[in-house]
Amino acid sequence: MVYVSGAFLPIEEASIPVMDRGFLFGDGIYEVTAVIAGRLVDNEAHLQRLDRSLREIDIPNPHSLGTWTAIQKELVALNGLTEGLIYIEVTRGVSERDFLSPADLKPTVVIFTQAKPVRTNATLAKGAQVITLPDLRWARRDIKSTSLLAQVLAKRSAAAAGVSEAWMVEDGMITEGASSTAFVITPAGEIITRPLSHAVLPGVTRRAILRLLEERELTFVERPFSVEEALKAREAFFTSASTIVMPVVTIDGHPIGDGTPGPLAMQLRDLYIEAALD
């Protein structure tokens, strides 16, 4: 079952018009929330980010936080989802193809679920390998836009290289992963992730991990870091709603630390899941 602009429908009956601006222009916003043990994880933060992204591109938010949550919970129940993801997309709406659109368009809303492991991951035991690639994206990466061609190309390059993720590089500095936030831990034990700006997406899981670090009085710094610094790191990992915390064991074929999943990354993953189930 999926949700399309007010109706719960079997997926084979669901459709959107050809003239939807999300299809024609990528003129829309999306969010992905993890579901663990039937619970929406960090969902309020995801919905707040959805609202911010919609405001940044001037699409009216069609629902309140409470209504969004109710729709999501109903869809989780209808699909009997215990673990996986729930995806929301909001586009500007439907009108004749033109770069400008009528001011009174009604946004299109599509929501669906995906059953998949979240707490367990086939990559986790050995850790993830990543490659670095030039960051080809637009200047407003803080907006969670459906225009994801650069990320698709990065993921294809990663798959062709036989690795799990691509970390994108601009001016010698790592911005973020194709679908994740990048972290490194220096030999001195300093935990580093890039600060929020227009250059990176404000990761919801990133925020939760930083909160866990604060609670445990662990030192972290929000600053840019280079590929060279990442290669010399004691540990590296990335975060996202679907992978939670994923330790990185190689970057461009170079082992990180001893080439096995780092202990702090694994600990943070366990702490995050424990908090989600609390």
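## Exercises on helices and burial

At 40% relative accessibility, Leu78 counts as partly exposed, because that class lies between buried (under 20% relative accessible area) and exposed (over 50%), with a 1.4 Å probe and protein chains only. The model is predicted, so local features need pLDDT of at least 70 and side-chain atom pairs count only at pLDDT 80 or more, while totals for chains, interfaces and linings use all residues. Residues are numbered from 1 along each chain as its sequence is written, and side-chain values use heavy atoms, leaving out hydrogens and water.

**Exercise 1.** Find the helix that holds Leu78 and the surface patch that Leu78 helps to make.

*Solution.* Start with the helix: Leu78 is in α3, residues 65-78. Helices are DSSP runs of H or I with at least four residues, and strands are runs of E with at least two, numbered from the N terminus. Next, the patch: Met1, Phe8 and Leu78 make a nonpolar surface patch of about 230 Å².

**Exercise 2.** Classify Gly22 as buried or exposed, then list what Gly22 touches beyond four places in sequence.

*Solution.* First, place Gly22 in helix α1, residues 21-25. Its relative accessibility is 16%, so Gly22 counts as buried. Then look for contacts (heavy atoms within 4.5 Å): leaving aside residues up to four places away in sequence, Gly22 touches Asp27 and Thr91. Finally, Gly22 and Val90 are 68 residues apart in sequence, with their C-alpha atoms 8.0 Å apart in space.

**Exercise 3.** Check the span of helix α4, then work out how its buried residues are arranged around the axis.

*Solution.* Helix α4 has 12 residues (149-160), so at 1.5 Å a residue it should span 16 Å; its end C-alpha atoms are 16 Å apart, which agrees. The expected span is 1.5 Å times one less than the number of residues. Now pick out the buried residues of α4: Ala150, Gln151, Ala154 and Ala158. Seen down the axis, they fall within an arc of 95°, so they line one face of the helix; the arc is that of the directions from the helix axis to the C-beta atoms. An α-helix has 3.6 residues a turn, so residues three or four places apart point the same way. The cover over the buried residues of α4 includes β7 (128-134) and β8 (165-170). On the face turned away from that buried side sit the exposed residues Leu149, Arg156, Ala159 and Ala160. Last, Gly162 follows α4 with a positive phi, near 75°.

How values were computed: Patch = residues over 30% accessible without salt bridge, like charges linked within 9 Å, V, L, I, M, F, W, Y side chains within 5 Å. Areas by Shrake-Rupley, 256 points an atom, 1.4 Å probe, with all protein chains shown as cover. Salt bridge = Lys/Arg side-chain N within 4 Å of Asp/Glu carboxyl O.
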